[in-house]
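This report describes the fold of one protein chain from its model, beginning with the pairing of its strands and moving on to its interior and its loops. Please keep the sequence and the structure in view while reading.

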Amino acid sequence: MAVDHSLTYKNRSFRNIGHRSRLKALEMEVRYLRAQYVFTSLADFGCSNGYLTAHLANWSGVNEVYGYDVEVQHLRDAQSRLPHAQIAFFDLNRAPTPLAVQASLVCCLETLEHTGDLSNALRNVLNSISSTGVALISVPIEIGLIGLGKFILKTLVYRDSLAELPNVTWHRYFMKLLTGQSISVFRDQRTAWSTHLGFDWRDVDDLLQQWGVPYQAKNQGTARIYTIPWNPYLSKIGLSNDGHKG
C-alpha cells in the first residue's frame, strides 16, 4: 500500500511540526523565485500523490505540470488529483535517455534521501532544468544538533527501527552524530530507502562542488533547501551510473 506522504503536512501532531514548517518555507521560496524567473512549466520529481505538486503549481502560477514517481499507486493518485498534468513513472536512480523533461521550475522535495544512487538522482534533477530555469531541492537535516535530536526522538521516543541499516548499533550511529562524522557510511548499495537514517546532506554539497555547479543553500528548521539555477556547468556533468552511494 502506498504511503500517503501528504499526511505529514496535514496531521498536526508534534512529530510533524518540521514538515508543516517546511511547507511554509517552501511556499515562501517558490514565491520568491517566481519574482526572479518566468515560470512556464513545473517538473516535480518524487511527486507522491500530487498533494505537494498541486501546491507548487499554485505557488508558481504554472499550468504545464509534470509529475514523476516510482510508486504506481502514487502515480494514479497524482493523476486523479491533477487531471491536466502529465504524470509518469521515472526512476531517479537510472540514467535514461532522453531525459524526462526540461522545465523552468524543477522540484525535488524530500526525495533524494530515499534514492539508492544519490549521484544519478541529482544529475537527473539538474539536467531537467531549462536554460532559463531553476531547481528547488529540499532534503532533511539528519546531522548536527538537529540530527542528534531527531535521532533520539525517533529511536527512543517513537521507537523507530535501525533495521534498514545493515550492521549498525544505536551506539555506533549515536557516536557518528556526536563527533560530526559522516552517517552515510551506514548505507549500503540498494535502489531505495524508506528511512531518513543514514542520509547526510553534506554528500549533496560535495557532489555539487565536485561538479562545479554553483548553488545556494540554507538550513531552515529541519530541512536544507537548495536553489540551483541553470548554468553551462550542467551540460558537463552528464549522466552515468558511477556507483556513488547516498
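## Strand pairing and the crossover

Six bridges join strand 4 to strand 5, and these two strands run parallel; strands and helices here are DSSP runs (E, at least two residues, for strands; H or I, at least four residues, for helices), numbered from the N terminus, and two strands pair if DSSP finds at least two bridges between them. One of the partnerships is that of Val106 with Ala135 in strand 5. The chain crosses from strand 4 through helix 5 to strand 5, and this β-α-β crossover is right-handed, a term that applies if, with the strands pointing away from the viewer, the path from the first strand over the helix to the second runs clockwise. The model is a predicted one, in which local features need pLDDT of at least 70 and side-chain atom pairs count only at pLDDT 80 or more, while totals for chains, interfaces and linings use all residues. Residues are numbered from 1 along each chain as its sequence is written, and side-chain values use heavy atoms, with hydrogens and water left out.

Strand 4 is also joined to strand 1, by three bridges in a parallel arrangement, and there Asp44 has Cys107 of strand 4 as its bridge partner. Seven of the seven residues of strand 4 are buried, where buried means under 20% relative accessible area, exposed over 50%, and partly exposed in between (1.4 Å probe, protein chains only).

## Helix 5 and its surroundings

Helix 5 spans residues 118-126, and because nine of its nine residues are buried, the helix is largely enclosed by the rest of the structure. Its buried residues include polar as well as nonpolar names, among them Ser119, Asn120, Arg123 and Leu126. They pack against strand 1 (41-45), strand 4 (103-109), strand 5 (129-140), helix 8 (202-211), strand 7 (223-229) and helix 9 (234-237). At the start of the helix, a side-chain oxygen of Asp117 comes to within 3.3 Å of the backbone nitrogen of Ser119, which may be read against the limit for a polar contact (a pair of N or O atoms within 3.5 Å; within protein, one must be able to donate a hydrogen and the other to accept it, and residues adjacent in sequence count only if both atoms are side-chain atoms).

## The nonpolar cores

Which residues touch the most other members of the largest nonpolar core? In this core of 45 residues they are Phe45, Leu122, Leu126, Ile137 and Tyr173, and helix 5 gives the most to the core, with five residues. A nonpolar core is a set of buried Ala, Val, Leu, Ile, Met, Phe, Trp, Tyr and Cys residues joined through side-chain atoms within 4.5 Å. Leu126 touches Leu208, Trp211, Ile228, Leu234 and Ile237, not counting residues up to four places away in sequence, with contact meaning heavy atoms within 4.5 Å. A second, separate core has 26 residues, including Leu33, Phe39, Leu75 and Ala85.

## Ser130 and Val101

Ser130 lies in strand 5 and is buried, with a relative accessible area of 14%. Leaving aside its neighbours within four places in sequence, Ser130 is in contact with Gln102, Ala103, Ser104 and Trp230.

Val101 belongs to the loop between strand 3 (86-89) and strand 4, and at 13% relative accessibility Val101 counts as buried. With residues up to four places away in sequence not counted, Val101 touches Ala43, Tyr66, Tyr68 and Ser128.

## Positive phi angles and the hairpin

Two residues other than glycine can be set side by side here. Ser48, in the loop between strand 1 and helix 3 (51-60), has a positive phi of about 55 degrees and is buried at 9% relative accessibility. Arg159, in the loop between helix 6 (144-157) and helix 7 (170-179), has a positive phi near 60 degrees, but Arg159 is exposed, with a relative accessible area of 63%.

Strand 6 (residues 216-220) and strand 7 run antiparallel and are joined by five bridges, with Lys218 standing opposite Ile225 of strand 7. The two strands form a hairpin with two residues between them, and Gly221 in the turn has a positive phi of about 65 degrees.
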